[in-house]
Amino acid sequence: MRVLIAEDEPISRRLLHAALTQMGYDVTATADGREAWEVLQREDIGLVVADWMMADVDGLELVRRIRDREADHYVYVILLTSRAEKQDIVRGLEAGADDYITKPFDRAELAVRVNCGRRIIDLERQLADKNRQLAGMAMMDGLTGILNRRAFDDALERSHRHSRRYGHQYSLGMIDIDHFKAYNDRFGHAAGDTVLRTVAQTLRGSLRPSDLVFRYGGEEFVCLFPETDREGALAAATRLLQAVTDVAIAHPGNQSFGIVTVSIGIATQAPANGGGPLDLLQAADVALFEAKHSGRNRVAVYRAVADGRPAGPEPTAAPTHHGI
């Protein structure tokens, strides 16, 4: 654990540094509160031992700054003070300090109080890790093991903001398993779940590192292609289409092909176009309908009438398809 000392008395600072180092801590010592604050801004510090009385930025001000900032982990603060009056100690704790040690400090007391802080920090970080794991689980689809609809909504919004800010295109691919209901009716839902897992993992394994696939719902998936224009999205979607057919899962209900296949509709958001992320999603859905209507097991590309027009569906929009 990283420990930061903020102490303007050189002898006391050296004694603290020696004591904490012998206890096994990774110690950084600073000569005042301002220098300590600068270290806290750029380094991962778990515990701070700060003298109350320092010029410019004193211990109380340093504590207030630590508590007011936004941080991804808790910093435990022990005030080092010659003030032993009860009201002074209350002031320090009210400012946000976790504990205090009176000067001159006792080495054994220092060890006990710092070790107590370490235990609290360890528990806080364990809790933070568990919360991150739970947050990750909340973004995963339990059946297929890929990202879920909630994760997609967040990623789509971020991609759209990035597109508008930096002037880059991005694309979506809506994917539907062809005649999936017929497969479930013939082989049962357990077998259907196996198909969903297999298709999901096949799609994920066939994407570029920058691309993402999500389960959208039922037998539908959606792929997000960042920094990708229409031609790039078409190439990526065609690769996904081929990967699923290469698995060759028998599907008698898909009479045209005899195996499990997918249909894909793609749409691209250009920064100059109007419309929001939901318009792009609807455009990809229009293209998916065209892919299925045109015979399935193919990619359909949504094309707006003219450059600069909204990417959302328009009465005169003309999706075109590309099959294999």
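A residue counts as buried when under 20% of its relative accessible area is left open, and as exposed when that value is over 50%. Keep those two words in mind as we walk through this structure, which is a predicted model.

Let's start with helix α2, which covers residues 33-42. Which of its residues are buried? They are Gly-33, Ala-36, Trp-37, Val-39 and Leu-40. Now imagine looking straight down the axis of α2: these buried residues fall within an arc of 160 degrees, so they line one face of the helix. Swing round to the other side of α2 and you'll meet Gln-41 and Arg-42, which are exposed.

So what covers the buried residues of α2? The cover includes three strands, β1 (2-6), β2 (26-30) and β3 (47-51), along with another helix, α3 (59-68). Have a look at the N-terminal end of α2 too, where Asp-32 acts as a cap. One of the side-chain oxygens of Asp-32 lies 3.2 Å from the backbone nitrogen of Arg-34.

Next, let's hunt for empty space inside the model. Rolling a probe the size of a water molecule over the atoms shows where such space is left. Here the count comes to 1 cavity of 30 Å³ or more, and the largest cavity holds about 40 Å³ of space. Its lining includes Trp-52, Leu-79, Ile-89 and Tyr-100. The elements that give two or more residues to this lining are β4 (76-81), α4 (86-95) and β5 (99-102). The largest share comes from α4, with 4 residues. Sorted by class, the lining has 6 nonpolar, 2 polar and 2 charged residues.

Notes
Residues are numbered from 1 along each chain as its sequence is written. This is a predicted model: local features need pLDDT of at least 70, side-chain atom pairs count only at pLDDT 80 or more; totals for chains, interfaces and linings use all residues. Side-chain values use heavy atoms; hydrogens and water are left out. Buried means under 20% relative accessible area, exposed over 50%, partly exposed in between (1.4 Å probe, protein chains only). The arc is that of the directions from the helix axis to the C-beta atoms. Contact means heavy atoms within 4.5 Å. A polar contact is a pair of N or O atoms within 3.5 Å; within protein, one must be able to donate a hydrogen and the other to accept it, and residues adjacent in sequence count only if both atoms are side-chain atoms. On a 1 Å grid over the protein atoms alone, a cavity is a set of points where a 1.4 Å probe fits but cannot get out, and a pocket is an open set with protein on both sides within 12 Å along at least five of seven lines; lining residues have an atom within 4 Å of a point. Grid points are joined across faces, edges and corners, and a volume is the space filled by probe spheres set on the points. Ala, Val, Leu, Ile, Met, Phe, Trp, Tyr, Cys and Pro count as nonpolar, Asp, Glu, Lys and Arg as charged, and the others, Gly among them, as polar.
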